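Got the viewer open and a selection box ready? Here's a walk through the model, stop by stop.

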Amino acid sequence: MAKFTTAFGGGSDGVNIKEKEPFRSALADGKTDTNSYVFETYKRAIDLCEDPEDIQFNLASVPSLNTPGLTKRLMEHCENRGDALCVMDIQDSFLPLAERKDTDSQTSTTVTGDVDDAVNTMRDRQLNSSFGCAYYPWVQCLDDDTNKVVYLPPSVVALGVMSYTDSINGPWFAPAGFTRGGLSTGLTGIPVLNATLRLSSKNRDNLYENRINPIASFPSEGVVVFGQKTLQVTRSALDRINVRRMLIYVKRQISMIAAGLLFEPNVQNTWSRFIASATPMLIDVQQRFGIQEYKLVLDDTTTTPDLIDQNIMYAKLFIKP
């Protein structure tokens, strides 16, 4: 018995060996963690991101996963943490080869997706959070290794645009438009050849009004991310990705400054150290066009004698994006 090694296969509660792509999204649709290994696997992976003390990040995505219960769960983790933005892929978009049925043809709307179907499906989900965003449609790219055209979900290129924006300006700049949202040049990651669906002006307006960011194709400019809406329904500064990401950045920096003062005496000297450390960071963001105005208050009106007795130092930060 000790002379050979084998692997388990074909069990009733493991990966389905009859599936070419055993973790395709369709196998998790309408399922729960008690009746689907696919749903349970994704759920456990997403739950690894729940605790901010275990792992730090400011963007979260599971590319091509579009199961409503799972994408919403990832967004809720980001919202509960308060320090990350969820970039989700949506249903009724392009259907990759691994998800197709034998009856699907290349020209079928089941494969290429339909703008109205995508909008209606997202509207029915009634998502409302500034910690989530979505894009449409999928894109075509060239695989350098095989020299073949491959299809990528929009979340992949959205992550590239946000990373590029961070590197050249800052997270408070809009990750969209011809300057920072161009996908054809390769500056934002993998060069994009085309979108799987050419959006008309009416299509783009329909998507944007329903908080789905269009990926548009233009004859001269190429493929461009043409929106930066979050999934928040209420019209405010927080219905824009750059404002939410600015607040995520500021919160992360303030948290790091505050952590350096843990277990220090709750006295005026400690308050002054906090103000002295936080102010340069806020001025830097302001000078780089992330904040128009701010006000940082830490005195006996915010940290009252009662809070001092409880060993709590309480500051207030007001920001005008």
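## Buried arginine, first stop

Start by selecting arginine 24, which is buried at 19% relative accessibility; buried means under 20% relative accessible area, exposed over 50%, and partly exposed in between (1.4 Å probe, protein chains only). Before going on, note that this is a predicted model, where local features need pLDDT of at least 70 and side-chain atom pairs count only at pLDDT 80 or more, while totals for chains, interfaces and linings use all residues. Residues are numbered from 1 along each chain as its sequence is written, and side-chain values use heavy atoms, with hydrogens and water left out.

Now add glutamate 19 to the selection: its side chain meets that of arginine 24 in a salt bridge, 2.9 Å from N to O. The term stands for a side-chain nitrogen of Lys or Arg within 4 Å of a carboxyl oxygen of Asp or Glu. Glutamate 19 is partly exposed, with 22% relative accessible area. How many salt bridges does a search of the whole structure find? It turns up 9.

## Along and between helices

Next, pick lysine 43 and aspartate 47. Both sit in helix α1, 4 residues apart, about one turn of the helix. (Helices are DSSP runs of H or I with at least four residues, strands are E runs of at least two, and both are numbered from the N terminus.) Their salt bridge has its closest N and O atoms 3.8 Å apart. Aspartate 47 is partly exposed at 21%, whereas lysine 43 is buried at 16%.

Jump to aspartate 166 and arginine 245, another salt bridge, with 2.9 Å between the closest N and O atoms. Aspartate 166 is in helix α5 (residues 154–168) and arginine 245 in helix α8 (residues 241–259), so the pair ties together parts 79 residues apart in sequence. Arginine 245 is buried, at 5% relative accessible area. Then return to the earlier lysine and add Arg73: salt bridges with shared partners join Lys43, Asp47 and Arg73 into one network.

## Two surface patches

Select Glu50, Asp51, Glu53 and Asp54 for a patch of negative charge on the surface. Patches take residues with over 30% relative accessible area and no salt bridge, joining like charges within 9 Å and nonpolar side chains (Val, Leu, Ile, Met, Phe, Trp, Tyr) within 5 Å. Lys and Arg count as positive, Asp and Glu as negative, with His and the chain ends not counted; a charge is placed at NZ of Lys, CZ of Arg, CG of Asp or CD of Glu. Glutamate 50 itself is in the loop between α1 (37–47) and β1 (59–60).

For a nonpolar patch, select Leu142, Val149, Tyr151 and Leu193, which together have about 330 Å² of accessible area (Shrake-Rupley, 1.4 Å probe, with only the protein chains shown counting as cover for residues). Valine 149 belongs to strand β5 (residues 148–152) and is partly exposed at 43%.

## Cysteines and backbone oddities

What is the disulfide count? It comes to 0, where a disulfide is a pair of cysteine sulfur atoms within 2.5 Å. Cysteine 49 has its nearest cysteine sulfur, that of cysteine 78, 7.6 Å away. The sulfur of cysteine 78 is 5.1 Å from the closest one, in cysteine 86, too far for a bond.

Last, the backbone. Most residues other than glycine have a negative phi, and most peptide bonds are trans. Tyrosine 136 and proline 137 are joined by a cis peptide bond, with omega about 0 degrees. Serine 64 has a positive phi, near 80 degrees, and asparagine 311 has one near 65 degrees. Finish on asparagine 311, which is exposed at 64%.
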